[in-house]
Amino acid sequence: MPKRLYGVREIGPSELRSGRVEPHYQKVLVRLLSAHAIAEKLTALGYQRALGTVADSSLHPVIRKNLAEERRHARLVYKVLEEIGVAEGAADRAMVRMLKSPSFEAPRYFAERAEGETDLLMASLALDATGLLMIGINYRDSSYAPHARAAQIILEEEAEHDEFASMLLGRAVERLGADRVTDALRRWLPRAVNFFGPPGTGFTYDCLRYGLKSRDNQELADLFLTMLERRAGQLGIALPALTPDYPHAAA
Ligand SMILES: [Fe+2]
Ligand SMILES: [Fe+2]
């Protein structure tokens, strides 16, 4: 683990302008914020899509609530980028190649291809339960104060999204049975774990050194699996095995 150069909320736009921060910091920050922003935006698109594909209209009010909140999360993070001169379009264009990587398969699938209640449940586990960890553990304690503040706001709503995912999981086991839920997990669990990104990259090393993250992707992925294993176990479901290395697949 590299030594952290900047403390929690130590840096803001004026520190960046003052030149007292390492020049590479801003580049790493922009890439991290751009990835966070587009993940929120794709999640919003996924909830939007779910309104058209989830038949049970009793779920629609919560889907609408989550949709509005994900849009707000995206806005908040794009605003942090705009403050330092990066427009939404430019941030998104820089992400085009990244979007094709395995770490973005979950949000892309949710936004573009998910169908019906089971996919909604799986996407919520893969995006909200994972996002809660990334935001609560990494971004809330960011050295970049505007990102830490945005994370603080997002966190409370993500905790509710995670409760929704938990409720849907219980409902799915009851209605579809453990076998079908396990099948769906075999398709979705690799995407969910890959969403944390590859372990031990140079980019994450820079994020840790600059205090833009506090844990490596692998640590968060392990935490997620432990949490989900416990939750699924309470419902009598064992998580499907995964291949050991990123990008993970069902074993
Ligand atoms: Fe969100
Ligand atoms: Fe969410």
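# Notebook: helix packing and a few single residues

I began with helices H2 and H5, whose axes cross at roughly 30 degrees and come within 7 Å of each other. Angles under 35 degrees count as roughly parallel, and I therefore entered H2 and H5 as roughly parallel to each other. The model I am reading is a predicted one, and I keep that in mind for every entry below. The crossing in which H2 passes H5 is left-handed. I then listed the residues that make the contact: H2 gives Ala39, Leu42, Thr43, Leu45, Gly46 and Arg49, while H5 gives Pro107, Arg108, Phe110 and Ala111. Sorted by class, the contact of H2 with H5 has 6 nonpolar, 2 polar and 2 charged residues.

Next I followed H5 to its other partner in these notes. Helix H5 covers residues 105-112 and helix H6 covers residues 116-139, and I found the two packed at an angle of about 140 degrees, with their axes 10 Å apart. H5 and H6 are therefore oblique to each other, and their crossing is left-handed. In this contact Ala106, Pro107 and Phe110 of H5 meet Ala123, Ala126 and Leu127 of H6. When I divided the residues of the contact of H5 with H6 by class, I had 6 nonpolar, no polar and no charged. I noted that Pro107 and Phe110 appear in the contact with H2 and also in the contact with H6.

Between H5 and H6 there is a loop, and Arg113 lies in it. Is Arg113 buried or exposed? I looked up its surroundings and found 11 C-beta neighbours inside 10 Å, which is why Arg113 counts as exposed. I also took the distance from Arg113 to Leu33, which is 80 residues apart from it along the chain, and the C-alpha atoms of the two are separated by 25 Å.

I turned to helix H3, residues 60-83, and checked its length first. Its 24 residues, at 1.5 Å a residue, should span 34 Å, and the end C-alpha atoms are 35 Å apart, which agrees. I then wrote down the buried residues of H3, which are Ile63, Asn66, Leu67, Glu69, Glu70, His73, Ala74, Val77, Tyr78, Val80 and Leu81. For the spacing of such a list I keep a general rule at hand: an α-helix has 3.6 residues a turn, so residues three or four places apart point the same way. What covers the buried residues of H3? The cover includes helix H2 (23-53), helix H4 (88-93) and helix H7 (145-176). Just after H3 I came upon Gly85, which takes a positive phi of about 85 degrees.

Of the helices that cover H3, I looked at H7 in detail. H3 and H7 pack with their axes 10 Å apart and at an angle of about 165 degrees. The two helices are therefore roughly antiparallel to each other, and the crossing of H3 and H7 is left-handed. On the H3 side the contact is made by Val62, Asn66, Glu69, His73, Leu76, Val77, Val80 and Glu83, and on the H7 side by Pro146, His147, Ala150, Ile153, Ile154, Glu157, His161 and Phe164. By class I have 9 nonpolar, 4 polar and 3 charged residues in the contact of H3 with H7.

I stayed with H7 for two further residues. Glu158 is found in helix H7, and because it has 27 C-beta neighbours inside 10 Å, Glu158 counts as buried. Leaving out residues up to four places away in sequence, I found that Glu158 touches Asp128, Gly131, Leu132 and Ile135. Ala148 is also found in helix H7, and it is buried, with 21 other C-beta atoms within 10 Å. With the same residues left out, Ala148 touches Val8, Arg9, Tyr139, Arg140, Asp141 and Ser142.

Arg9, one of the residues that Ala148 touches, has its place in the segment before helix H1 (13-18). Its phi is near 55 degrees, a positive value in a residue other than glycine. With 17 C-beta neighbours inside 10 Å, Arg9 counts as partly exposed.

My last entry concerns the segment after helix H10 (217-234), where Pro247 lies. Tyr246 and Pro247 are joined by a cis peptide bond, for which I noted an omega of about -10 degrees.

Methods: Residues numbered from 1 in each chain as written. Chains lettered and ligands numbered in written order. Predicted model: local features only at pLDDT ≥ 70, side-chain atom pairs only at ≥ 80, totals over all residues. Axes fitted to C-alpha atoms, helices over the stretch in contact; angles between N-to-C directions. Helix = DSSP H or I, 4+ residues; strand = E, 2+ residues; numbered from the N terminus. Parallel < 35°, antiparallel > 145°, perpendicular 65-115°, else oblique. Left-handed = near helix turned anticlockwise from the far one by under 90°. Contact = placed C-beta atoms within 7 Å. Nonpolar A, V, L, I, M, F, W, Y, C, P; charged D, E, K, R; others polar. Expected span 1.5 Å × (residues − 1). Buried ≥ 20, exposed ≤ 12 C-beta atoms within 10 Å, placed from the backbone.
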